[in-house]
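Visitor: I would like a close look at a single part of this structure. Please take me through it slowly and connect it to what lies around it.

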Amino acid sequence: MENDLVDLTHLSPEEKWRLEHARMHAKHKGHEAMHAEMVLILIVTLVIAQLVLVQWKQRHPKSYNLVTLFQMWVVPLYFTTKLHWWRFLVTWFIFSVVTAYVTYRATRKPLECTTPRLVYKWFLLLYKISYATGIVGYSVVMFTLFGINLIFRIKPEDAMDFGVSLLFYGLYYGVLGRDFAEMCADVMASTVGYYSASGMPTKHLSDSICAVCGQPILVDVSEEGIIENTYRLSCNHVFHEFCIRGWCIVGKKQTCPYCKEKVDLKRMFSNPWEKPHVMYGQLLDWLRYLVAWQPVIIGLVQGINYILGLE
């Protein structure tokens, strides 16, 4: 044993890796049937979990969205606390405090007239920051893969860590912010009174009133606003730019807040620079499953393997 330890000290990193790889194969030799059984359990669990989640989402969307939102908020917190990622914990705390205040304002009755614009401005700002952070992180990762970091004398591992961290921040807060925004949008829309579950408006909407925030529209559709413009949908209802952007992109609503007619996002955001925001929002919806439910499913698979004595 002592001779083996001495010999290991003289091996190169590549030779050590090959030796460890050979030992791993020797350790798992003859366990092919067990490995096949573990893979089968993983596949079956993933399929069943996916079917259960789809049925749950279709039959009870409110409870599904609420539980998913809680999972999104808590699961990364557990892992980052365990790994001592203090920078993430600081940003998570700041995000939680501000979002909790905004959500509190959105759920108050009666709803203050300034609350809808406050809510949509906050979540639209958060959405843009997460979008920019994700793009920068992705760019850094791609530059590192192509070796551009060497031009600036930055180590590949440092550049990759920085890029992956930014990508994680952008995607995580993008998903979480959109979920909170959707919840606030539902509560505020029903509180303002221009939207109901049956689809029938419960108030008469004037042509000079925004159906999202209930505030007067001061800029004509044909005019160029100093701070924001006015949008007119295909149903001829008009809205503040920040309100309808928050409603459609951030709040994930693709219907008119007043008459529930389908909104054509491609026509509404005809500028080619705005279309990536719509696609980015769809990407965040897909990533929600990976962040919220994948750790739970993997933990369930490990529990089944442990009960069956599979290692």
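Which residues are buried in α5?

Guide: A word on the source comes first: the model is predicted. In α5, the buried residues are Phe88, Leu89, Trp92, Phe95, Ser96, Thr99, Val102, Thr103, Arg105 and Ala106.

To place this helix, start with the whole chain. The chain has eleven helices and two strands. Read from the N terminus, the order of elements is α-α-α-α-α-α-α-β-β-α-α-α-α. Of the 311 residues in the chain, 37% are buried. Among contacts with a separation of 6 or more, 63% are between residues 24 or more positions apart. The chain exposes about 19,600 Å², and carbon and sulfur atoms supply 66% of that area.

Now to α5 itself, which covers residues 86–106. Its 21 residues should span 30 Å, because each residue is counted at 1.5 Å, and its end C-alpha atoms are indeed 30 Å apart. The UniProt record, in an unreviewed entry, lists residues 85–104 under "transmembrane region". That record also lists 38–56, 63–79 and 125–152 under this heading. In the model, residues 38–56 are 100% helix and 0% strand, with end C-alpha atoms 26 Å apart. Residues 63–79 are likewise 100% helix and 0% strand, and their end C-alpha atoms lie 24 Å apart.

One residue of α5 is worth following: Thr99. Its relative accessibility is 2%, so Thr99 counts as buried; the cut-off for buried is under 20%. The side chain of Thr99 reaches the backbone oxygen of Phe95 at 2.8 Å. Apart from its neighbours within four places in sequence, Thr99 is in contact with Trp122, Phe123 and Phe180.

Take Trp122 next, which sits in helix α6. With neighbours within four places in sequence set aside, Trp122 is in contact with Phe95, Val98, Thr99 and Val102. For Trp122 and Val98, the C-alpha to C-alpha distance is 8.9 Å, while 24 residues separate them in sequence. Helix α6 covers residues 115–145. It has 31 residues and reaches 45 Å from its first C-alpha to its last, close to the 45 Å expected at 1.5 Å a residue. Just after α6, Gly147 takes a positive phi of about 80°.

Phe123, another contact of Thr99, leads to the nonpolar core. The largest such core has 44 residues, and Phe123 and Phe239 are those with the most contacts inside it. Helix α5 is among the elements that each supply at least two residues of this core, and so are α4 (61–83), α6, α7 (156–192), β2 (238–240), α8 (241–250) and α10 (275–292). The largest share, nine residues, comes from α7.

For a second buried residue elsewhere in the chain, look at Asn305 in helix α11, residues 294–307. Asn305 counts as buried because its relative accessibility is 8%. Leaving aside neighbours within four places in sequence, Asn305 is in contact with Met38, Ile41 and Leu310.

Terms used
Residues are numbered from 1 along each chain as its sequence is written. This is a predicted model: local features need pLDDT of at least 70, side-chain atom pairs count only at pLDDT 80 or more; totals for chains, interfaces and linings use all residues. Side-chain values use heavy atoms; hydrogens and water are left out. Helices (H or I, at least four residues) and strands (E, at least two) are DSSP runs, numbered from the N terminus. Buried means under 20% relative accessible area, exposed over 50%, partly exposed in between (1.4 Å probe, protein chains only). Contact means heavy atoms within 4.5 Å. Accessible areas come from the Shrake-Rupley method with a 1.4 Å probe; for residues, only the protein chains shown count as cover. A polar contact is a pair of N or O atoms within 3.5 Å; within protein, one must be able to donate a hydrogen and the other to accept it, and residues adjacent in sequence count only if both atoms are side-chain atoms. UniProt positions are given in the numbering used here, feature names are shortened, and annotations may be inferred rather than shown by experiment. The expected span of a helix is 1.5 Å times one less than its number of residues. A nonpolar core is a set of buried Ala, Val, Leu, Ile, Met, Phe, Trp, Tyr and Cys residues joined through side-chain atoms within 4.5 Å.
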